[in-house]
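Thanks for coming. I will go through one structure today, with the sequence and the model on the screen.

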Amino acid sequence: MKKLCSILCCIHVILTLFVPTADAADAPGVSAKSYTLLEPATGIVLAERDAHVQMPVASLTKIMTAAVALEHSDMDEPVEILPEHTGIEGSSMYLRAGETLTVGELLYGLMLASGNDAAVALAYHVAGGIVEFADLMNEKAAALGMENSSFANPHGLDAEGHYSTAYDMAILAAWAMESEQFAQIVGARNAQAAGRSLVNHNKLLWRYEGALGVKTGFTKKAGRGLVSCAQREGTRFICVTLSAPDDWDDHAALLNWGFSNYRTHKVIAQGDAVAMIPLISGTTEIVTLVAETDVTLLTKAEDSCHVGIETPAFVYAPIRAGEPGGTLYVEIGGERVQEIRLLYGETIPQDEAMRLGLWEQIRRSFEMAFR
């Protein structure tokens, strides 16, 4: 016997399970040769163009460099600057041999000033060299499912075997932005590092409401590249453009389109209590059901869905925590489109007294009385 519980039944959101990608008629036109607009909580790509084509990514590489460095070192670790860390081609934070900076200062120089010298210094500090650090970068890329990416250096200067895609960079940025330290660095407009005043190259931090980061990039071969992350009212998007002459306008257009048409709703979090079921013959009278996983929905304003749960009317003890006890479901237009299991939240033993039949209880009572 099942009953429909009403705890969640009146949530009105929209669920977008199959979102049109780059061919959507209403997606904005942009200058980028390749791009991706990703909603990171669900992993849904809202719009794209040639998002899986391998291309040079220039200093967008430094997103991976910073993330790997943070995984393998602490912000306050000292780094002695060696001669081989200095004089690197391209953008620089102007390190000098013999000075000592922290990993954190180098990360700000890497992500705000796009310092190629900072990238090299971090690579040597973390892994002992460029090749060894590139191995760590490629290991992380494989772990993240970046199937069309290969890294040969920590700074992104043109090199054989160094490339990625718009989609892979979006996956990387979505993961990296989950780190509070990383997000704090890339979201800083200005910073001080060992007496240096650093200004973030990412103009969206000033120009676009809700911008959180992430990184600019440019080489003559790669053209202008940009990865951005923006959030408004709990909805977050990652946008990546490669070879985009008008990258600032491209990102504003894509992000505006995303925020105008979609919303993210976290309906329930893993472990949240969803319902309580009457428990028979247990040491307590109820047992709690909790969500097995998160439920996050990407929505459109004009649609709605029905979220509910199904549970037994009652259950018998004993109950073990973690065992399935019900279902949370999502319906659109009367059709069930998503389900997750609800698990018992507690282990509840059987009450020995409740387990015994009435006559057995009487018999034992007499036995205990005349012992």
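**Salt bridges, a pocket and some odd backbone**

Glu99 and Arg96 form a salt bridge through their side chains, with N to O at 3.4 Å. Before I go on, please note that this is a predicted model.

Is Glu99 buried or exposed? Glu99 counts as buried, because its relative accessibility is 14% and the cut-off for buried is under 20%. The pair is also part of something wider: Arg96, Glu99 and Arg196 are linked in a network of salt bridges.

The count of salt bridges comes to seven. I will show two others from that set.

In one of them, Glu292 pairs with Arg341, and the closest N and O atoms are 2.8 Å apart. Glu292 sits in the loop between strand E13 (286-291) and strand E14 (295-299), while Arg341 belongs to strand E18 (residues 335-344), so this bridge ties together parts that are 49 residues apart in sequence. Glu292 counts as partly exposed at 23% relative accessibility. Arg341 is partly exposed too, with a relative accessible area of 40%.

The other one joins the side chains of Arg336 and Glu339, at 3.0 Å from N to O. Arg336 has 31% relative accessibility and counts as partly exposed. For Glu339 the value is 48%, again partly exposed.

Next, the largest pocket. How much space lies in it? About 310 Å³. The lining is made of 20 residues, and the closest to the centre of the pocket are Ser59, Ser91, Ser114, Gly217 and Phe218. Which elements give two or more residues to that lining? They are E8, E9 and helix H8 (247-261). The most comes from E8, with four residues.

While we are on E8, look at Thr216, which is placed in this strand, residues 211-219. Thr216 is buried, with a relative accessible area of 13%. What is Thr216 in contact with, leaving aside its neighbours within four places in sequence? The contacts are Ser59, Leu60, His201, Asn202, Gly225, Leu226 and Trp248. One of these, Ser59, was also among the residues closest to the centre of the largest pocket.

Now a helix. Helix H5 covers residues 166-176, and nine of its 11 residues are buried, so I would call the helix mostly covered. The buried residues are Ala166, Asp168, Met169, Ala170, Ile171, Leu172, Ala173, Ala174 and Ala176. As a reminder, an α-helix has 3.6 residues a turn, so residues three or four places apart point the same way. What covers the buried residues of H5? The cover includes three helices, namely H1, H4 (130-144) and H6 (180-186). The cover also includes the strands E2 (34-39), E9 (223-232) and E10 (235-242). E9 appears here as well as in the list of elements that line the largest pocket.

Moving to the surface, there is a nonpolar patch of about 300 Å², made by Ile280, Phe314 and Tyr316. Phe314 is in the loop between strand E15 (306-312) and E16. With a relative accessible area of 39%, Phe314 is partly exposed.

E16 also brings us to the backbone. The loop between strand E16 (315-316) and strand E17 (324-332) holds Pro318. Which kind of peptide bond joins Ala317 and Pro318? A cis bond, with omega at about 5°.

Two residues have a positive phi without being glycine. For Asp50, phi is near 45°. Asp50 lies in the loop between strand E3 (44-49) and helix H1 (61-72), and H1 is one of the elements that cover H5. Asp50 is partly exposed, at a relative accessible area of 47%.

The second is Tyr94, where phi is about 65°. This residue is in the loop between strand E4 (78-80) and strand E5 (100-102). Is Tyr94 buried or exposed? Tyr94 is exposed, because its relative accessible area is 63% and the cut-off for exposed is over 50%.

To close, these are the places I would turn to on the screen: the network of Arg96, Glu99 and Arg196, the largest pocket with E8 in its lining, the buried residues of H5, and the cis bond between Ala317 and Pro318. That is all from me.

Technical notes:
Residues are numbered from 1 along each chain as its sequence is written. This is a predicted model: local features need pLDDT of at least 70, side-chain atom pairs count only at pLDDT 80 or more; totals for chains, interfaces and linings use all residues. Side-chain values use heavy atoms; hydrogens and water are left out. Buried means under 20% relative accessible area, exposed over 50%, partly exposed in between (1.4 Å probe, protein chains only). Contact means heavy atoms within 4.5 Å. Patches are made of residues with over 30% relative accessible area and no salt bridge: like charges are joined within 9 Å, nonpolar side chains (Val, Leu, Ile, Met, Phe, Trp, Tyr) within 5 Å. Accessible areas come from the Shrake-Rupley method with a 1.4 Å probe; for residues, only the protein chains shown count as cover. A salt bridge is a side-chain nitrogen of Lys or Arg within 4 Å of a carboxyl oxygen of Asp or Glu. On a 1 Å grid over the protein atoms alone, a cavity is a set of points where a 1.4 Å probe fits but cannot get out, and a pocket is an open set with protein on both sides within 12 Å along at least five of seven lines; lining residues have an atom within 4 Å of a point. Grid points are joined across faces, edges and corners, and a volume is the space filled by probe spheres set on the points.
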